[in-house]
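Here are my notes on this one, written as numbered points so you can check each against the coordinates. Have the viewer open while you read.

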Amino acid sequence: MATDYDAPRKTEEDRANESLEALKTTHRADGTSAVVDEDEADLADSFELPGADLSHEELQVIVLPEQSDEFTCASCFLVRHRSQIAREQGGLAYCVDCEG
């Protein structure tokens, strides 16, 4: 880049003032363009919040009873395959994950 040695030199204070002025004009320009024409209520309808009232919803899941080759872990209460039994005590079965 070419340098013009005849141009007046700027001090640090001049440069600081210029950058401050540039920030002020940028902030003013951004402040006017921050207006959004969307209704918050319309936006809120599109979000599904945890804990929302879903009593009007109906589940479409088929629930099968525990099969002969499955057991329910007495610790985590998950239904697992019999190959996952780590310990049986007092008629209760515990899975490998809970005993590991």
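**Notes on the predicted model**

1. Let's start with a charged pair. Glu99 and Arg87 form a salt bridge through their side chains, at 3.0 Å from N to O. The two sit in distant parts of the chain, 12 residues apart, with Glu99 in helix H3 and Arg87 in strand S3. Both partners are partly exposed: Glu99 because its relative accessibility is 36%, and Arg87 because its value is 30%. Bear in mind throughout that this is a predicted model.

2. How many salt bridges does the count come to? The total is 2. Besides the Glu99 pair with Arg87, there is one between Arg80 and Asp97, whose closest N and O atoms are 3.1 Å apart. Arg80 belongs to strand S2 and Asp97 to helix H3 (residues 96-99), so this pair ties together parts that are 17 residues apart in sequence. As general background, side chains of opposite charge can pair when their charged atoms come close.

3. Is Arg80 buried or exposed? It counts as buried, because its relative accessibility is 19% and the cut-off for buried is under 20%. Asp97 comes out as exposed, because its relative accessibility is 53% and exposed means over 50%. I'd keep both percentages in view when quoting those labels.

4. A bit more on Arg80, since it turns up again. The residue lies in strand S2, which covers residues 79-81. Its side chain also makes a polar contact of 3.1 Å with that of Asp97. Setting aside neighbours within four places in sequence, Arg80 touches Asp69, Glu70, Phe71, Cys95 and Asp97.

5. Next, the hairpin. Strand S3 (residues 85-89) pairs with strand S4 (residues 92-95) in the antiparallel sense, over 4 bridges. Between the two strands of this hairpin there are 2 residues, and Gly90 in the turn has a positive phi of about 60°. Gln89 has Leu92 of S4 as its bridge partner. Arg87, from the salt bridge with Glu99, is in strand S3.

6. Now the cysteines. How many disulfides does the count come to? The answer is 0. For Cys73, the closest cysteine sulfur is that of Cys95, and the 3.7 Å between them is too far for a bond, because a disulfide needs the sulfur atoms within 2.5 Å. For Cys95, the closest cysteine sulfur is in Cys98, at 3.5 Å, which is also too far for a bond. Cys73 is buried, with a relative accessible area of 1%, and Cys95 is buried too, at 0% relative accessibility. Cys95 is also one of the residues in contact with Arg80.

7. Finally, the overall picture. The protein chain has 3 helices and 4 strands, and along the sequence they follow the pattern α-α-β-β-β-β-α. Of its 100 residues, 6% count as buried, with Arg80, Cys73 and Cys95 among the buried residues. The exposed surface of the protein chain is about 9,400 Å², and carbon and sulfur atoms supply 53% of that area. Among contacts with a separation of 6 or more, residues 24 or more positions apart account for 4%.

Notes: Residues numbered from 1 in each chain as written. Predicted model: local features only at pLDDT ≥ 70, side-chain atom pairs only at ≥ 80, totals over all residues. Heavy atoms only, no water. Buried < 20%, exposed > 50% of the residue type's maximum accessible area, 1.4 Å probe, protein only. Polar contact = N/O pair within 3.5 Å; in protein donor to acceptor, adjacent residues only side chain to side chain. Contact = heavy atoms within 4.5 Å. Pairing = 2+ DSSP bridges. Salt bridge = Lys/Arg side-chain N within 4 Å of Asp/Glu carboxyl O. Areas by Shrake-Rupley, 256 points an atom, 1.4 Å probe, with all protein chains shown as cover.
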